[in-house]
Amino acid sequence: MPRPNESEETFEDWVYPESRAQNRISKKALEFYERNYGFKRPLNVLCSSSFLKKWRSAGEIEKRLLSVLGKKAVVWATNCVLQELGGGGYEGKVYSCDHQSTTGKSCLHQIAKQESSKHLFATDNTYFGKTLLKLAGVPVILLQRRALMLKKPSGAQRAFAKERKAARMAEAEAQPKEG
Ligand SMILES: [Zn+2]
């Protein structure tokens, strides 16, 4: 049996800064994107270079994302982001984006604009996160004061999802019924 002090230390070691309430918000946000925009497991997360610099490894991020989202997530960096990192021992997956000398942020923004991309975007830049959240169906993971969270969908994203749902229902009603 470990002494109380020892077990407490071990416990502290894997406790993340996110509160349960914060993780509930992240998981609820994820449900929204799954339901309305068809996100599936494993979740693919494109990371900005400044975000990646805050961690020791891609594996560390994936472990933490599993705790925050409750689902398996895979970490990706684009060619442009890797260029910004300047090597730096990144060992996660690489997304071939075919850009020629584009900044990491502009690269990620361009990918986010393609609605079919089905990626989550991780950043530590609040302003950039807000920019991405203006796009329909783009989930944003923000690292802020050491806490990692999937942001609540924006008003625009909710409105767009509602519109799409209404359009689908109208389409279904317009179908001639057999029998
Ligand atoms: Zn790129």
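Me: What pattern does the chain follow, read along the sequence?

Reply: Keep in mind that this is a predicted model. To get the pattern, walk from one end to the other and note each helix as α and each strand as β. Here that gives α-α-β-α-α-β-α-β-α-β-α-β-β-α, built from eight helices and six strands.

Me: And how do I read the sheet? In what order do the six strands lie?

Reply: Order in a sheet is about who sits beside whom, so don't expect sequence order. This one is open, with mixed pairing, and goes S3-S2-S1-S4-S5-S6. Strand S3 (93-95) and strand S6 (147-150) have a single partner strand each, so one side of each lacks a neighbour in the sheet. On average, neighbouring strands are turned by 30° against each other, direction ignored.

Me: Take one pair: in which sense do S1 and S2 pair, parallel or antiparallel?

Reply: Parallel: S1 (residues 43-47) meets S2 (residues 73-78) over four bridges. Within that pair, valine 45 is opposite valine 75 in S2.

Me: Which strands does helix H7 lie across?

Reply: Look for strand S4 (120-123) and strand S5 (140-144); H7 (residues 126-133) lies across both and runs at about 165° to S5.

Me: Now the core. Which residues have the most contacts inside the largest nonpolar one?

Reply: Val45, Cys47, Phe121 and Ile141, in a core of 36 residues. Helix H4 (residues 58-69) supplies the largest share, five residues. Try phenylalanine 121 as a worked case: skipping neighbours within four places in sequence, its contacts are Leu46, Leu108, Ala112, Leu132, Val138, Val140 and Ile141.

Me: How much of the chain is buried?

Reply: Buried residues account for 27% of the 179 in the chain.

Terms used
Residues numbered from 1 in each chain as written. Predicted model: local features only at pLDDT ≥ 70, side-chain atom pairs only at ≥ 80, totals over all residues. Pairing = 2+ DSSP bridges. Helix = DSSP H or I, 4+ residues; strand = E, 2+ residues; numbered from the N terminus. Axes fitted to C-alpha atoms, helices over the stretch in contact; angles between N-to-C directions. Contact = placed C-beta atoms within 7 Å. Core = buried A, V, L, I, M, F, W, Y, C linked by C-beta atoms within 7 Å. Buried ≥ 20, exposed ≤ 12 C-beta atoms within 10 Å, placed from the backbone.
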